[in-house]
Amino acid sequence: MALMTKEQYLESLRKLDVKVYMFGELVENFVDHPVIRPSINSVAMTYELAHDPQYEDLMTATSNLTGEKVNRFTHLHQSTDDLRKKVKMLRLLGQKTGSCFQRCVGMDAFNAVYSTTFETDKAHGTKYHENFKKYLEYVQKNDLVIDGAMTDPKGDRSLAPSKQHDPDLFLHVVEQREDGIVVKGAKAHQTGSINSHEHLIMPTIAMREGDEAYAVSFAVPTDAEGIYMIYGRQSCDTRKLEEGADIDVGNKQFGGQEALVVFDNVFIPNDRIFLNGEVEFAGMLVERFAGYHRQSYGGCKVGVGDVLIGAAALAAEFNGAAKASHVKDKLIEMTHLNETLYCCGIACSAEGYPTEAGNYQIDLLLANVCKQNVTRFPYEITRLAEDIAGGLMVTMPSEQDFKHPVIGPVCEKYFKGVNVVPTEHRMRVLRLIENMTLGTAAVGYRTESMHGAGSPQAQRIMIARQGNLPHKKDLARKIARIDEVSVAAREAAATK
């Protein structure tokens with residue numbers, strides 16, 4: 001079974017014994033929980049579109065490991081064409097869900113771990129690469145969702161992992177056994193972790209001597225003994241729990257989610273270990289994963305941006321302001337910013353190159369430029385969407401008020417916009433904008449744009465490192481003939 005259906009995916013989640021805590025209680029049935037289900041629907045879309053002939057070229061690929069047709073989310077990039085198709089696929093899914101669809105982190109982790117294990121084995125004579133290849137074959141054949149887990153709680157940022165007051169603030173190995181390792185700690189901000197079949201763990205920062213216990217990468221089932229999750233809150237999340245909630249939710253069908261994943265003395269067998277103490281390769285793994293994930297944002301955020309731009313245009317139309325020149329100009333600016341993000345995602349893909357392992361790496365400088373823009377442009381697109389929508393977006397009464405026998409007709413009367421547009425339609429599009437700019441979807445579109453795949457300063461550090469400033473200075477010296485003038489001056493001085 002190389003390609004699961006949407007229904008098979010949902011059924012596979014029901015078979016897992018995942019331990020999830022939400023609002024201080026253990027969730028009995030997470031698959032059908034009203035807060036969690038929209039995020040599961042978003043992941044399910046990655047399965048649904050893979051079976052649609054219209055999107056087959058984007059959503060599927062041929063595995064270099066098995067030769068079989070696989071979901072692109074489990075694929076190792078084999079060319080710059082694969083890298084570009086990844087970005088286009090992510091934009092498509094953003095357009096279809098208007099939210100985070102959570103499967104990117106696993107795909108990005110696959111490609112980073114694949115090339116890093118190859119080079120680790122080359123340096124140390126380890127067997128990590130073969131371990132990972134066998135694991136990925138298993139993932140591809142079963143079309144699994146994998147949570148690529150990198151971010152640790154980190155504690156005191158001024159201290160190395162091994163110097164923390166509490167050693168568990170970075171996930172680490174607490175016992176080396178003949179048949180494997182035992183790990184303890186947690187991974188924070190884990191997008192899609194609850195909706196995943198497995199976790200692929202990576203270190204969160206570059207390591208140095210003394211941090212060997214923290215330089216660890218491995219795969220583990222989501223319901224393994226010792227793993228539990230604590231569900232993260234989102235703005236307006238309890239609207240999903242309201243009886244008959246529909247309009248007020250904004251995006252009823254789709255959503256994203258994040259959780260703290262706790263590892264309480266979890267055993268990992270040897271054949272699922274991909275790094276174990278080789279501190280000099282932790283930084284390589286972090287850098288490569290971050291690069292892939294920063295490329296991803298040039299696709300997924302653009303697709304969600306497409307939905308928000310469309311919603312803003314509808315709001316203007318329903319408000320009777322669609323022909324105003326300033327509204328038209330704001331929609332143009334939103335489109336310009338959104339397409340600039342897409343250009344960055346495509347550019348870093350087109351400039352990709354093969355790693356020693358054979359899979360393709362994006363251009364890291366351009367990927368970091370892409371993510372740096374993502375930390376800014378969605379905020380401006382959001383600001384313009386709120387500008388166009390108007391204050392009613394955040395002051396309108398509840399859905400229950402509109403349904404009330406006495407005040408419902410009053411709400412219908414006074415919240416009417418253009419006469420030919422039903423008041424309900426106006427309310428729906430405003431709630432959608434609210435959802436994407438302030439509500440549950442704002443986690444994925446706004447704050448995640450800032451901090452996901454590394455906060456802004458992380459990209460600026462990489463841009464400084466990869467910008468090759470000495471080369472640019474040489475170019476300027478040559479055109480300005482600075483070196484030639486200096487040589488001539490020195491020769492003249494020598495003859496005096």
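**Cavities, cores and strands**

Analyst: The count here comes to 3 cavities of 30 Å³ or more. The model is a predicted one, where local features need pLDDT of at least 70 and side-chain atom pairs count only at pLDDT 80 or more, while totals for chains, interfaces and linings use all residues. Residues are numbered from 1 along each chain as its sequence is written, and side-chain values use heavy atoms, leaving out hydrogens and water.

User: What makes a space a cavity and not a pocket?

Analyst: It comes down to whether a probe can leave. On a 1 Å grid over the protein atoms alone, a cavity is a set of points where a 1.4 Å probe fits but cannot get out, whereas a pocket is an open set with protein on both sides within 12 Å along at least five of seven lines. Lining residues have an atom within 4 Å of a point. Points are joined across faces, edges and corners, and the volume is the space filled by probe spheres set on them.

User: How much space is in the largest cavity, and which residues line it?

Analyst: About 70 Å³. Its lining is C236, R239, K240, D248, V249, R431, E434, N435, G439 and T440.

User: How do you know how many of the lining residues are charged?

Analyst: Sort them by type: Asp, Glu, Lys and Arg count as charged, Ala, Val, Leu, Ile, Met, Phe, Trp, Tyr, Cys and Pro as nonpolar, and the others, Gly among them, as polar. That gives 5 charged, 3 polar and 2 nonpolar residues around the largest cavity. The second largest cavity holds about 50 Å³, and its lining splits into 7 polar, 3 nonpolar and 1 charged. Among its lining residues are S99, C100, Q234 and E258, and T440 is on the list too.

User: And the second largest pocket, how big is that?

Analyst: Its volume is about 250 Å³. It has 16 lining residues, and G250, N251, K252, R428 and L432 are the closest to its centre. α4, α7 and α14 each give two or more residues to the lining, with α14 giving the most, 5 residues. By type, the lining has 7 nonpolar, 6 polar and 3 charged residues.

User: What makes a group of residues a nonpolar core?

Analyst: They must be buried Ala, Val, Leu, Ile, Met, Phe, Trp, Tyr or Cys residues joined through side-chain atoms within 4.5 Å. Buried means under 20% relative accessible area, exposed is over 50%, and partly exposed is in between (1.4 Å probe, protein chains only). The largest group that fits has 56 residues, and M59, F73, M334 and L430 have the most contacts inside it. Of the elements feeding this core, α7 (282-319) gives the most, with 12 residues. A second, separate core has 39 residues, including V31, I36, V216 and M229. In general, nonpolar side chains in soluble globular proteins tend to be buried together.

User: Which residues does F73 touch?

Analyst: Contact means heavy atoms within 4.5 Å. Leaving aside neighbours within four places in sequence, F73 is in contact with T46, M59, M89, L90, L93, F101, R103, C104, M107 and F110.

User: Why is strand β9 called largely enclosed?

Analyst: Strands (E, at least two residues) and helices (H or I, at least four) are DSSP runs, numbered from the N terminus. In β9 (residues 216-221), 5 of the 6 residues are buried, so the rest of the structure largely encloses this strand.

User: How do you know which strands β9 pairs with?

Analyst: Two strands pair if DSSP finds at least two bridges between them. β8 (residues 198-201) and β9 have 4 bridges and run antiparallel, which passes. L200 has A219 of β9 as its bridge partner. β9 and β12 (residues 273-276) pass as well, with 3 bridges, again antiparallel. There, S217 is partnered by L275 of β12.

User: What makes β2 and β6 edge strands?

Analyst: Each pairs on one side only. They sit at the ends of an open, mixed sheet of 6 strands in the order β2-β1-β10-β11-β7-β6. β6 is joined to β7 (residues 180-191) by 5 bridges, running antiparallel.

User: Why is D143 called buried?

Analyst: D143 has 0% relative accessibility, which is why it counts as buried. This residue lies in the loop between α6 and β5, and its phi is positive, about 50 degrees, although it is not a glycine.

User: Is A453 buried or exposed?

Analyst: Buried, with a relative accessible area of 17%. A453 is in the loop between α15 and α16, and its phi is near 60 degrees, positive in a residue other than glycine.
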